[in-house]
Amino acid sequence: RPWSAALGALRRCRGWSQAVEDLVAALERAGGRLRLSSELDADEIESEAPDVVVLATGSSWDASGVTASRSGRAAIPGAAGTAVLGLDAALEAARREPGDLGARVLILDETGTYAPLGLAEALAAADTRVDVVTPNRSIGADAADHLELQHLLPRLRAAGVTLTVGHDIEAIGDERVELADVWGGGGRLVAAVDT
């Protein structure tokens, strides 16, 4: 299931599923065909005689903590634990049963997009204590560009979501996350983190 579909299944995010459906319908009206989770060989492509083939190999969110913003570090220490999920897996878990992620969830967001914030809102609505941390200078810059942030941010604040800018994860331990100030100030420890 693509992460956009998982996001669309969450509360207040139904528009994502509709957007995906609209794009697939437009593709089909234009004579195109979308094939998911399938292998294709050269003979099969030739038998279809397409004008164009667009091949997307798929992707998933990386949970190791490898990031361009910290090129000297191969991964976040402690990220190999079972309590660390990529955004796609976290969205799918929240869609199925938000409580399965635990009583407190910390979301590290480098994207500035709606998806991590939509996840935060869905978890908070299920009585999960949520922290959103970004090394960026603001929360949701891309969501703001798409005119989503001004609607979402007040809901996140009302739901008690903690928003922290200018911080990155230094290390992950048993039920704790050590944050570092990206500008060199003091870090802080977030305790009792389940996921």
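Helices and strands here are runs assigned by DSSP, numbered from the N terminus, with at least four residues for a helix and at least two for a strand. With that in hand, T128 can be placed in the loop between helix 5 and strand 2. Keep in mind as you look around that this is a predicted model. Let's start with that loop residue and then visit a sheet, a helix and a pocket.

**A residue in a loop**

- Is T128 buried or exposed? Its relative accessible area is 6%, and buried means under 20%, so T128 counts as buried.
- Leaving aside residues up to four places away in sequence, T128 touches P98, G102, A103, R104, V105 and L123.

**The three-stranded sheet**

- Follow the chain on from the loop of T128 and you come to strand 2, which covers residues 129-133.
- An open sheet is formed by 3 strands in the order 1-2-3, and their pairing is parallel.
- At the edges are strand 1 (104-108) and strand 3 (162-164), each of which pairs on one side only.
- On average, neighbouring strands of this sheet are turned by 15° against each other, with direction ignored.
- How many bridges join strand 2 to strand 3? There are 3 bridges, and the two strands run parallel.
- To see this pairing for yourself, find V132, which stands opposite L163 in strand 3.

**Helix 7 and its two sides**

- Helix 7 spans residues 149-158, and its residues L149, L152 and L156 are buried.
- Why do the buried residues line one face of helix 7? Seen down the helix axis, they fall within an arc of 70°, so they share one face.
- A general rule is handy here: an α-helix has 3.6 residues a turn, so residues three or four places apart point the same way.
- The buried residues of helix 7 pack against helix 5 (114-125) and helix 6 (141-145).
- Turn to the other side of helix 7 and you find H151, R157 and A158, which are exposed.
- After helix 7 comes G160, which has a positive phi, near 85°.

**The second largest pocket**

- About 800 Å³ of space lies in the second largest pocket.
- Which of the 39 lining residues are the closest to the centre of this pocket? They are A63, V84, L85, L108 and I169.
- At least two residues of the pocket lining come from each of helix 4 (87-96), strand 1, helix 5, strand 4 (167-173) and strand 5 (176-181).
- Strand 1 is therefore worth a second look, as an edge strand of the sheet and as a supplier of lining residues.

Technical notes: Residues are numbered from 1 along each chain as its sequence is written. This is a predicted model: local features need pLDDT of at least 70, side-chain atom pairs count only at pLDDT 80 or more; totals for chains, interfaces and linings use all residues. Side-chain values use heavy atoms; hydrogens and water are left out. Buried means under 20% relative accessible area, exposed over 50%, partly exposed in between (1.4 Å probe, protein chains only). The arc is that of the directions from the helix axis to the C-beta atoms. Contact means heavy atoms within 4.5 Å. Two strands pair if DSSP finds at least two bridges between them. Axes are lines fitted to C-alpha atoms, for helices over the stretch in contact, and angles run from 0 to 180 degrees between N-to-C directions. On a 1 Å grid over the protein atoms alone, a cavity is a set of points where a 1.4 Å probe fits but cannot get out, and a pocket is an open set with protein on both sides within 12 Å along at least five of seven lines; lining residues have an atom within 4 Å of a point. Grid points are joined across faces, edges and corners, and a volume is the space filled by probe spheres set on the points.
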